[in-house]
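Here is a short set of exercises to try with a structure open beside you. Have a go at each task before you read the solution.

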Amino acid sequence: MEHIDAAVTNRFDTRSGRPCEFCRDLDPQFPHRRPLDQMVAGSRKPRASAHLTEDGYVRHRMLELRRLTSRVALTAA
Ligand SMILES: [Zn+2]
């Protein structure tokens with residue numbers, strides 16, 4: 001198991017990445033993500049497209065959409 005994780009991690013330069021602040025603030029499941037799914041490319045602002053993995057991208061987009069829909073729900077309620 002350990003060597004598989006290392007192999008996946010080595011596909012990216014994780015030193016240039018960092019945890020996505022947007023997801024970290026908004027996703028309660030963030031600590032349970034795989035490390036790569038937490039990471040965005042370093043120099044850019046936290047955007048969905050900066051995520052290193054498709055899963056990270058999708059989760060980021062879902063958080064954006066949920067924030068939009070919750071705003072709608074608040075005004076509707
Ligand atoms: Zn994110």
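The exercises below go from the overall fold to single residues.

This is a predicted model, in which local features need pLDDT of at least 70, side-chain atom pairs count only at pLDDT 80 or more, and totals for chains, interfaces and linings use all residues. Residues are numbered from 1 along each chain as its sequence is written.

**Exercise 1. Describe the fold of the chain.**

Step 1: Look at the helices (H or I, at least four residues) and strands (E, at least two), which are DSSP runs numbered from the N terminus. The chain has four helices and two strands.

Step 2: Put them in order. Along the sequence the pattern reads α-β-α-α-β-α.

Step 3: Turn to contacts, meaning pairs of residues whose C-beta atoms, placed from the backbone, lie within 7 Å. Among contacts between residues at least 6 apart in sequence, 42% join residues at least 24 apart.

**Exercise 2. Decide whether Arg18 and Glu21 are buried or exposed.**

Step 1: Recall the rule. A residue is buried if 20 or more other C-beta atoms lie within 10 Å of its own, exposed if 12 or fewer, and partly exposed in between, with C-beta atoms placed from the backbone.

Step 2: Take Arg18, in strand S1 (residues 17-19). Arg18 counts as partly exposed because it has 16 C-beta neighbours inside 10 Å. Leaving aside neighbours within four places in sequence, Arg18 is in contact with Met39, Val40 and Gly42.

Step 3: Take Glu21, in helix H2 (residues 21-26). Glu21 has 11 other C-beta atoms within 10 Å, so Glu21 is exposed. Glu21 and Arg47 are 26 residues apart in sequence and 9.4 Å apart in space, C-alpha to C-alpha.

**Exercise 3. Find the residues of the largest nonpolar core.**

Step 1: Know what to look for: a nonpolar core is a set of buried Ala, Val, Leu, Ile, Met, Phe, Trp, Tyr and Cys residues joined through C-beta atoms within 7 Å. Of the 77 residues of the chain, 16% count as buried.

Step 2: List the members. The largest nonpolar core has six residues: Cys20, Cys23, Met39, Val40, Ala50 and Leu52.

Step 3: Check two of them. Met39, in strand S2 (residues 39-41), is buried because 23 other C-beta atoms lie within 10 Å. Leu52 lies in the loop between S2 and helix H4 (54-76), and its 21 C-beta neighbours inside 10 Å are why Leu52 counts as buried.

Step 4: Follow Cys20 outward. Leaving aside neighbours within four places in sequence, Cys20 is in contact with Gln38, Val40, Pro46, His51 and His60.

Methods:
Contact = placed C-beta atoms within 7 Å.
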